[in-house]
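Student: Could you take me through one part of this model in close detail? I'd like to hear about the charged side chains and how they pair up.

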Amino acid sequence: MTTTEERPAPSSGTPGKPGRRAELSRWWNARSRPQQWGLLVPVAAIIYLLPVLNPPIITTEPATSFPIALFNAAVFALIAIGLNVVIGQAGLLDLGYVGFFAIGAYTAALLSSPDSELGVRFPWLVIVPIAMVVTMISGVILGTPTLRLRGDYLAIVTLGFGEIVRLLADNIDPLRGNRGFQDIAKPGGTYSDGSPIFTQNDAQGFYWLAVTIVIIILLFMGNLERSRVGRAWIAVREDEDAAELTGVPTYRFKIWAFAIGAAVGGLSGTLFAAQVGFVNNQRFDVTTSILYLAAVVLGGQGNKIGVVVGAFLVSYIPDRFQFEPEYRFLVFGLALIILMIFRPQGILGMRQHLLTYGRQAYQKLFGAGTGVAPTSLTPASRPAGDPPEAVPDDRSGSRPQGGGE
């Protein structure tokens, strides 16, 4: 693959020699999917065991319970994955995503709390699909009249949506304002000794459940972004007019992005409400919505693993410095500034999958076992007149490279 634009060499390598990160990326991309999943199993096991191990370096105790901090980070990661569909994949600037999170939480409260005027108490497993459908409908209702807007105008409208949800929670009496709802349904299940797995005091069971849901949603999103829908989102994000002219029904795919992102937001809202057991109007303000956006930008828009890392940092850093409440947000702000200076494209940056079988296509083009285009060709060894070769390391945050992984 060639381009007409010279790209800077990786910062960690000498001229003509790929850096350590590029070598690691090339080694990783040369692995098959089963091999990659096999290598990720120990990582997943460590993630599951974190609340049991409670490593002294990263623990948030005694100021904050470590399992609760991990659960909060997992919910934040789930929210960031849903918002990444809207912002990172489809390129739609949404500043009111907290509204979908609130709708999911309030749906769980209305359908299970004894304070609800509906007078019903559904189990949590019944509430989850209902909440996801309700938030998907909310996404369609919001997106249908507004998704013909772009850029700043769309951002203002979505910001208004988040505020409308909060004001409804404030002023509609059945939603109980600051009084909120108590005793919201949570998942069932007990340990071998008969003690419940899911409790408000010990978030360990909720953390395991949240991590499992995150992994399932990541698998779903991975398949989705390599499908026709994912390619259409990338086309809309890069140039909506060009996509429309080439036959992509942009409006319909933008509605899909809003609906799917909203469903994930509703799912995270039900999970949060089940762990806390209480919902009122205090957790759904604009500041919270901006933190969701910060997680996506920090991790790298368009990279689902990157936004998980970004969400973990945004949630974990304030909990880690909870013992110094006056300075914890100062530390958090400094960390964001430093990361944005040195990684303006996000920690991992975007990864593109313009081709459904991008990995196989690259191996056929550049040889089996490479996984990416060869980088051994230097400007000196390249034939005269041959334009410089693009490195398909799409983590640079620049324009997408077709089929690079």
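Tutor: Glu163, Arg166 and Asp170 are tied together in a network of salt bridges. Bear in mind that this is a predicted model. Within that network, take the pair Arg166 and Asp170: their closest N and O atoms sit 3.2 Å apart. Both belong to helix H6, which covers residues 151–171, and because they are 4 residues apart there, about one helical turn separates them. As for cover, Asp170 has a relative accessible area of 29%, so it counts as partly exposed. Arg166 comes in at 22%, and that makes it partly exposed too; the cut-off for buried is under 20%.

Now on to Asp173, whose side chain meets that of Arg179 in a salt bridge, at 3.4 Å from N to O. Arg179 has 49% relative accessibility and therefore goes down as partly exposed, given that exposed means over 50%.

Then there's Arg237 with Glu238, another salt bridge, this one 2.9 Å from N to O. Here the two partners fall on either side of the 20% cut-off: Glu238 is partly exposed at 23%, whereas Arg237 is buried at 18%. Put the whole model together and the count comes to 6 salt bridges, and the ones I've picked out here include Arg166 with Asp170, Arg179 with Asp173 and Arg237 with Glu238.

Notes. Residues numbered from 1 in each chain as written. Predicted model: local features only at pLDDT ≥ 70, side-chain atom pairs only at ≥ 80, totals over all residues. Heavy atoms only, no water. Salt bridge = Lys/Arg side-chain N within 4 Å of Asp/Glu carboxyl O. Helix = DSSP H or I, 4+ residues; strand = E, 2+ residues; numbered from the N terminus. Buried < 20%, exposed > 50% of the residue type's maximum accessible area, 1.4 Å probe, protein only.
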